[in-house]
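Start with the cysteines, then follow the aromatic rings, the loops and the pocket. Keep the structure open while you read.

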Amino acid sequence: MGPVSGVVVYLCTWWVVIFCVLPFWVKTDPNGAGAPTMPHLGRKFLITSAISAVIWCVIAYLIHIRIIDFREIARENPWW
């Protein structure tokens, strides 16, 4: 995996993880109006970055040992 594809995989992973982490620690107004009172976005971004880094390392390792081989998938299933 090259550097550009590595960054793309990390960013895609990061966005999926952030949408999973966003609902954690949400405290809303008792009246039920508006945005959460304490969204804890800094903590959520750090947790998301850490989880994404671990997932990215697993994906990079699987690509390195050729368990996931995109070139072989492309050869078997050409899009044209």
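A disulfide is a pair of cysteine sulfur atoms within 2.5 Å. The model shown is predicted. By that rule, the count of disulfides comes to 0. Why is there no bond for Cys12? The closest cysteine sulfur to that of Cys12 is in Cys20, and it is 14 Å away, so the two are too far for a bond. The view from Cys20 leads to Cys12: the sulfur there is the closest one, again at 14 Å, and too far for a bond. Cys12 is partly exposed, at 48% relative accessibility. Cys20 is partly exposed too, at 49%.

Now turn to the rings. A pair of aromatic rings is described by the distance of the centres and the angle of the planes. Searching the whole structure gives 4 aromatic pairs. One of them joins Trp14 and Trp15, with ring centres 5.4 Å apart. Their planes meet at 85°, and an angle over 60 degrees counts as edge-to-face, so this pair is edge-to-face. Another pair is Phe24 with Trp25, also edge-to-face. Here the distance is 5.8 Å centre to centre, and the planes stand at 80°.

Trp14 and Trp15 belong to an aromatic cluster, together with Phe19 and Phe45. Is Trp14 buried or exposed? Its relative accessibility is 15%, and buried means under 20%, so Trp14 counts as buried. The partners in the other pair are partly exposed: Phe24 has a relative accessible area of 43%, and Trp25 has one of 38%.

Stay with Trp25. This residue is placed in the loop between α1 and α2. What sits over the ring of Trp25? The charged end of Arg43 does, 5.0 Å from the ring centre. The backbone of Trp25 deserves a look as well. Most residues other than glycine have a negative phi. Trp25 has a phi near 55°, which is positive.

A second positive phi appears at Arg66, with a value near 65°. Arg66 is not a glycine either. Where does Arg66 lie? Look in the loop between α2 and α3. At 60% relative accessibility, Arg66 is over the 50% cut-off, so this residue counts as exposed.

Arg66 also leads to the pocket, since it is one of the lining residues of the largest pocket. That pocket has a volume of about 240 Å³. Its lining includes Met1, Ser5 and Val9. Ile63, His64 and Ile68 are there too, along with Asp69, Phe70 and Arg71. Which elements give two or more residues to this lining? They are α1 (3-21), α2 (41-64) and α3 (70-76). By residue type, the lining holds 5 nonpolar, 2 polar and 3 charged residues.

Finish in helix α2, at Ala60. Ala60 has a relative accessible area of 17%; the limit for buried is under 20%, so Ala60 is buried. How far is Ala60 from Tyr10? Along the sequence, 50 residues separate Ala60 and Tyr10. In space, they are 9.8 Å apart, C-alpha to C-alpha.

Definitions and conventions. Residues numbered from 1 in each chain as written. Predicted model: local features only at pLDDT ≥ 70, side-chain atom pairs only at ≥ 80, totals over all residues. Heavy atoms only, no water. Phe/Tyr/Trp six-rings, centres within 6.5 Å; stacked < 30°, edge-to-face > 60°. Buried < 20%, exposed > 50% of the residue type's maximum accessible area, 1.4 Å probe, protein only. Lys NZ or Arg CZ within 6 Å of the ring centre and 35° of its normal. 1 Å grid on protein atoms, 1.4 Å probe; cavity = no way out; pocket = protein on both sides within 12 Å on 5 of 7 lines; lining within 4 Å. Points joined across faces, edges and corners; volume = space filled by probe spheres on them. Helix = DSSP H or I, 4+ residues; strand = E, 2+ residues; numbered from the N terminus. Nonpolar A, V, L, I, M, F, W, Y, C, P; charged D, E, K, R; others polar.
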